[in-house]
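Dear colleague,

I am passing on a structure that you have not seen before, together with some notes on it. Please look through the sequence and the model first, and then read on.

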Amino acid sequence: MALHPLIGHNVLRSHIAQAVDKDRLPQVMLLNGPQGVGKQRLALWIAQRLVCEKGPGEPCGVCSPCRKVLGLGHPDIHWFMPLARPKATESDKQVEELEGMLGEVLEQRRKEPIYGPPDGLTGHFVSTARLIARMAILRPVEGRVKVFIIGCAERLVPQESSPEAANALLKLLEEPSPGTFFILTTADAEGVIPTIRSRSTQLRVGRLPDQDVALFLGNYAQIPESQIGRRVAKGSGSIGNAVADDVDLAKGGQLAASLLESVRTRSQTGWEIAIKQMPFSARGEFTDTLDAMADMLSQAVRGSRGDRELARLAEVPKLKLVAALDRVGEVRELAQNNVNPQILLAVLNQELRDIL
């Protein structure tokens, strides 16, 4: 299945197409805007425009390079999204493992072009920078350009309490070779390491008009007409928010916040939440809670102070936050192996109290 058409952002697209036509497109760009407005899809559109055989204006969508980009199969367009930390210990094996994971995710997105935000345990680790470095020194397979798309660039190693991956990538961004373009996307520009921001041309990707969100929901997301109005209102200009199944995610976020507050205040709430978990039940709500907890810890590592609980977590030493995040990741992995959620959450509650 090909990617869905890019919806909206017509003025920005026109400016970008003109820059390509005049050979003035910056080689390093940072697309910054709210979550779910299509920043990574826009990045793929830019890549498509760069390789399109048609010439000036919008990419044609029918030439061979365009079709390959839309099918996520162009050999010179490399899309990196946050993934789980590779388990291998040797650097070469980490890169191989990462390549395998990328291939699996791309195959999944070919089948299901609509996808949700990454969970809180994923990121861009040192292996990401190493793989990009290997690819960057190679000549294009087709045409004259290579494009590297790095989605959610604020996740460049937030879990490792080290800017190593971001710094390794920085060396590539300082002087990209001719014909090599880097397009980074973020919903949190302040979370992107300043040295990367300073070397990027920032483009603001705004919210979409309600009619564009409604168009996507009706034509591509198979949302029933009776629900479109409610979904558009919930989306507030974001297709991603409009298509999200918000009930379970919201509940998981609430439980995660309650658990972390219980750990911080040493209250009984954490134990009560653990007891209320359904033993050996479907893992949806439980893993949603762990993902939300990991996301909050990741934001705290990056120094985000978005709400009261995040502001309090941001005061905790980063090494402790990283240790807590690693433990949440281990528990999430155990949750997929049919381990009793009550036991897992009770143990995690105590371990986080010891760590934090």
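Below is what was found, beginning with the overall form and then turning to the interior.

Please keep in mind that this is a predicted model. The protein has 16 helices and five strands, and its radius of gyration is 21 Å, close to the 21 Å that the globule rule gives for 356 residues, so the protein is as compact as a globular protein of that length. The C-alpha trace spans about 65 × 50 × 35 Å along its principal axes. Among contacts between residues at least 6 apart in sequence, 76% join residues that are at least 24 apart.

As for the surface, the protein exposes about 16,800 Å², of which carbon and sulfur atoms supply 52%. There are 43 positive and 42 negative charges, and the mean positions of these two sets lie 3 Å apart.

Turning to the interior, 49% of the 356 residues count as buried. In soluble globular proteins, nonpolar side chains tend to be buried together. Here the largest nonpolar core holds 56 residues, among which Leu25, Ile46 and Ile149 touch the most other members; helix α2 (residues 39–51) contributes eight residues, the largest share of this core. If neighbours within four places in sequence are left aside, Leu25 is in contact with Ile16, Ala19, Val20, Ile46, Leu50 and Phe181. There is also a second, separate core of 31 residues, which includes Leu121, Val322, Leu344 and Leu345.

With best wishes

Conventions. Residues are numbered from 1 along each chain as its sequence is written. This is a predicted model: local features need pLDDT of at least 70, side-chain atom pairs count only at pLDDT 80 or more; totals for chains, interfaces and linings use all residues. Side-chain values use heavy atoms; hydrogens and water are left out. Helices (H or I, at least four residues) and strands (E, at least two) are DSSP runs, numbered from the N terminus. The radius of gyration is taken over C-alpha atoms; the globule rule is 2.2 Å times the number of residues to the power 0.38. Buried means under 20% relative accessible area, exposed over 50%, partly exposed in between (1.4 Å probe, protein chains only). Contact means heavy atoms within 4.5 Å. Accessible areas come from the Shrake-Rupley method with a 1.4 Å probe; for residues, only the protein chains shown count as cover. Lys and Arg count as positive and Asp and Glu as negative; His and the chain ends are not counted. The place of a charge is taken as NZ of Lys, CZ of Arg, CG of Asp or CD of Glu. A nonpolar core is a set of buried Ala, Val, Leu, Ile, Met, Phe, Trp, Tyr and Cys residues joined through side-chain atoms within 4.5 Å.
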